[in-house]
Structure formats: structure tokens, C-alpha cells
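Colleague: Got a minute to go through this one with me? I'd like to hear what stands behind each label.

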Amino acid sequence: MQSCELLMTVSALACCIAEGRSEDEIALLASIFSQLGDSLATITAREALCASCKASCAHADGKS
């Protein structure tokens, strides 16, 4: 999927999710999805850091 196609898909999904919901419900859903994205980013950053640390330790020990 190309970048623009992904953006249009996400926008269409947001419109479908928001349809028939109150502003408060939409705000809550937006908050939930933001937290989900932040949590996924945190998991990925931690995994990258751990991989980097393991690689550094292995290199320092001469275990390339």
C-alpha cells in the first residue's frame, strides 16, 4: 500500500468510527488510539534499545 493510500484508508476509517458518535465519545476514542500508538512506540523503542545494548555488549566482549 502506498503512503497516500494508507492515509486515505485511515481517514476513511476515522470517519466510519466517528459516524453516529457524540463529540465526547469521539474524544475518548481519539485518546484511546493515541495511547495505543504511544504504547506501541514505547515497546518498539525499548526493543531497539535492548538490541543495541546487546550488540554493544557482544562487540565489547569480542563476540560479533
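Colleague: How many helices and strands does the protein have?

Modeller: There are 2 helices and 0 strands, counted as DSSP runs (H or I of at least four residues for helices, E of at least two for strands) and numbered from the N terminus. Bear in mind that this is a predicted model, where local features need pLDDT of at least 70, side-chain atom pairs count only at pLDDT 80 or more, and totals for chains, interfaces and linings use all residues. Residues are numbered from 1 along each chain as its sequence is written, and side-chain values use heavy atoms, with hydrogens and water left out.

Colleague: What makes the protein more spread out than a compact globule?

Modeller: Its radius of gyration is 19 Å, well over the 11 Å from the globule rule for 64 residues, so it counts as more spread out. The radius is taken over C-alpha atoms, and the rule is 2.2 Å times the number of residues to the power 0.38. Those C-alpha atoms fill a box of roughly 60 × 30 × 10 Å along the principal axes.

Colleague: Why is Glu-47 called partly exposed?

Modeller: Because its relative accessible area is 46%; buried means under 20%, exposed over 50%, and partly exposed is in between (1.4 Å probe, protein chains only). Glu-47 sits in helix H2, residues 23-60, and its C-alpha is 33 Å from that of Glu-25, 22 residues apart in sequence.

Colleague: And what percentage of the 64 residues do buried residues make up?

Modeller: Buried residues make up 0% of them.
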